[in-house]
Amino acid sequence: MNKMNLEEYKGVFVYAQQVDGELSGIALELLGKARDLAKDLDTNVTAVLVGADVKGLCDKLAEYGADRVIVVEDPELKEYRTEPYTHALASVINEYKPEIMLVGATAIGRDLGPRVSARVATGLTADCTMLEIGDFPLNPLPNQEQKHNQLLMTRPAFGGNTIATIACPDNRPQMATVRPGVMQKIAPITDAKAEIIEYNPGFTPNDNYVEILDIVKSVSETVDIMDAKILVSGGRGVGSPENFKILEDLAEALGGEVSCSRAVVDNGWKPKDLQVGQTGKTVRPQIYFAIGISGAIQHVAGMEESDVIVAINKDESAPIFDVADYGLVGDLNKIVPKLTEAVKAYKASKK
Ligand code: FAD
């Protein structure tokens, strides 16, 4: 393989995922992070928008931090399909040579990102929890050049038992995927405008193009816990699906939602949609109640950014107390109903 001329690669690019002509939240979250990275590198932010009739979304991308939008529009791109979308994004990378390419770790991004990275012959770090610019290796090593201004991609490794920081020093772009909810979008800049570039690499349908016969959308019966301001989360310690009633009562009194640990999902007590953690959702509510949850690293990875964490556990040495702002040691069956009563009484006194 020819050695890449790394100097040619400039700018931070974000894959601006849209579905049915609507931007996904992750696109805006990644733009927020891209701005930080671009500032450190003294460069700008480009959103790559791929679809059939999507130009109307450019202004929103500008409001959330894109300096430039590259739009790839083609009738072949109406619905997401691996082959034409890969061709679109890989062609943009080959033509515009970004230094960094960020993709959401959504169902679409998990399909698209690795394929594109293979096609443009670079690496990809999946499910990053932190992205920053720095030196690699982190500390100078004898007989190894320390490179500056590298994208340092941090993610859990070995089943979440350790945290690894990964770089891609010899290839470009440096590609990372990030799960929804991990990065934060900026407050929109009203009336911001981006430079718009239209680019179409040409699409020639072939045997690799899948024909879509029917699209069946799954209808979720649960609320999105990523949007909740207050989460009352239960673990195996709750004991049974029926006993979640006491958590539901507390959530109702507080105007919050119920979520859970993986043990609860594995037991079939609650649907996977409600799971918080490394293999569930990343949440950052204003208040997170961890009730009967031990605080395994894979759970904590999904909730440690919450503003205030309240833990209720009968085991005073449970690791959840290490991340909690407030801890209550005792039986949740006694504490939770009392808490609910207290909240109700407080609300009644304010009427
Ligand atoms: P337990 O660890 O069994 O803890 C139950 C807690 O309840 C204990 O601390 C106990 O003291 C307390 N308790 C019991 N009875 C009472 C009572 N009456 N009153 C008060 N407290 C009581 N886990 C996740 O949550 N999310 C993930 O996304 C996730 N991803 C994973 C990915 C991988 C690759 C792996 C290997 C694991 C993952 N896990 C995840 C599992 C994780 O390691 C833990 O097994 C899980 O979080 C434990 O759930 P828990 O805290 O509800 O149960």
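In this predicted model, Lys270 sits in the loop that runs between helix 6 and strand 15 (287-291). With a relative accessible area of 17%, Lys270 falls under the 20% limit and therefore counts as buried. The side chain of Lys270 also has a partner, as it makes a polar contact with the side chain of Glu248 at 2.9 Å.

Two further residues are worth a look alongside Lys270. Gly235 is placed in the loop between strand 13 (230-234) and helix 5 (245-254). Its relative accessibility is 0%, so Gly235 is classed as buried. Along the chain, Gly235 and Arg262 are 27 residues apart, while their C-alpha atoms are separated by 7.7 Å. Pro84, in turn, belongs to helix 3, which spans residues 82-96. Pro84 likewise is counted as buried because its relative accessibility is 0%. Here the separation in sequence is 125 residues, with Tyr209 as the other member of the pair, and the two C-alpha atoms are 7.2 Å apart.

Attention now turns to the ligand. A shell of 26 residues surrounds the ligand, and those that come nearest are Arg236, Ser261, Thr279, Ser294 and Asn313. Sorted by class, this shell holds 16 polar residues, together with 5 nonpolar and 5 charged ones. Three helices each supply at least two residues of the shell, namely helix 6 (262-266), helix 7 (297-300) and helix 9 (332-350). Helix 6 thus appears both here and as one boundary of the loop that carries Lys270.

Several short distances link ligand oxygen atoms to the protein. The side chain of Gln275 places an N or O atom 2.8 Å from an oxygen atom of the ligand. For Gln298, too, an N or O atom of the side chain is 2.8 Å from a ligand oxygen atom. Gly292 takes part through its backbone, where an N or O atom lies 3.0 Å from an oxygen atom of the ligand. On its own, the ligand has 980 Å² of accessible area, and the protein covers 77% of that area.

The search for open space in the protein can be introduced with a general point. Rolling a probe the size of a water molecule over the atoms reveals where empty space remains. The largest pocket contains about 1000 Å³ of space. Its lining is made up of 35 residues, and the closest to the pocket centre are Glu29, Pro180, Gly181, Asp224 and Met226. Helix 1 (25-41) and helix 4 (107-119) each contribute at least two residues to this lining, with helix 1 giving the largest share, 3 residues. By class, the lining of the largest pocket comprises 13 charged, 12 polar and 10 nonpolar residues.

The second largest pocket holds about 640 Å³ of space. Among its 27 lining residues, Thr129, Met130, Val182, Ala301 and Glu304 lie nearest the centre. Two or more lining residues come from each of helix 1, strand 7 (124-128), strand 9 (147-157) and helix 7. Helix 1 therefore has a place in the account of both pockets, as a contributor to the lining of the largest and of the second largest. Helix 7 provides residues for the shell around the ligand and also for the lining of the second largest pocket. By class, the lining of the second largest pocket divides into 9 nonpolar, 9 polar and 9 charged residues.

Technical notes. Residues numbered from 1 in each chain as written. Predicted model: local features only at pLDDT ≥ 70, side-chain atom pairs only at ≥ 80, totals over all residues. Heavy atoms only, no water. Near = heavy atom within 4 Å. Polar contact = N/O pair within 3.5 Å; in protein donor to acceptor, adjacent residues only side chain to side chain. Areas by Shrake-Rupley, 256 points an atom, 1.4 Å probe, with all protein chains shown as cover. Helix = DSSP H or I, 4+ residues; strand = E, 2+ residues; numbered from the N terminus. Nonpolar A, V, L, I, M, F, W, Y, C, P; charged D, E, K, R; others polar. 1 Å grid on protein atoms, 1.4 Å probe; cavity = no way out; pocket = protein on both sides within 12 Å on 5 of 7 lines; lining within 4 Å. Points joined across faces, edges and corners; volume = space filled by probe spheres on them. Buried < 20%, exposed > 50% of the residue type's maximum accessible area, 1.4 Å probe, protein only.
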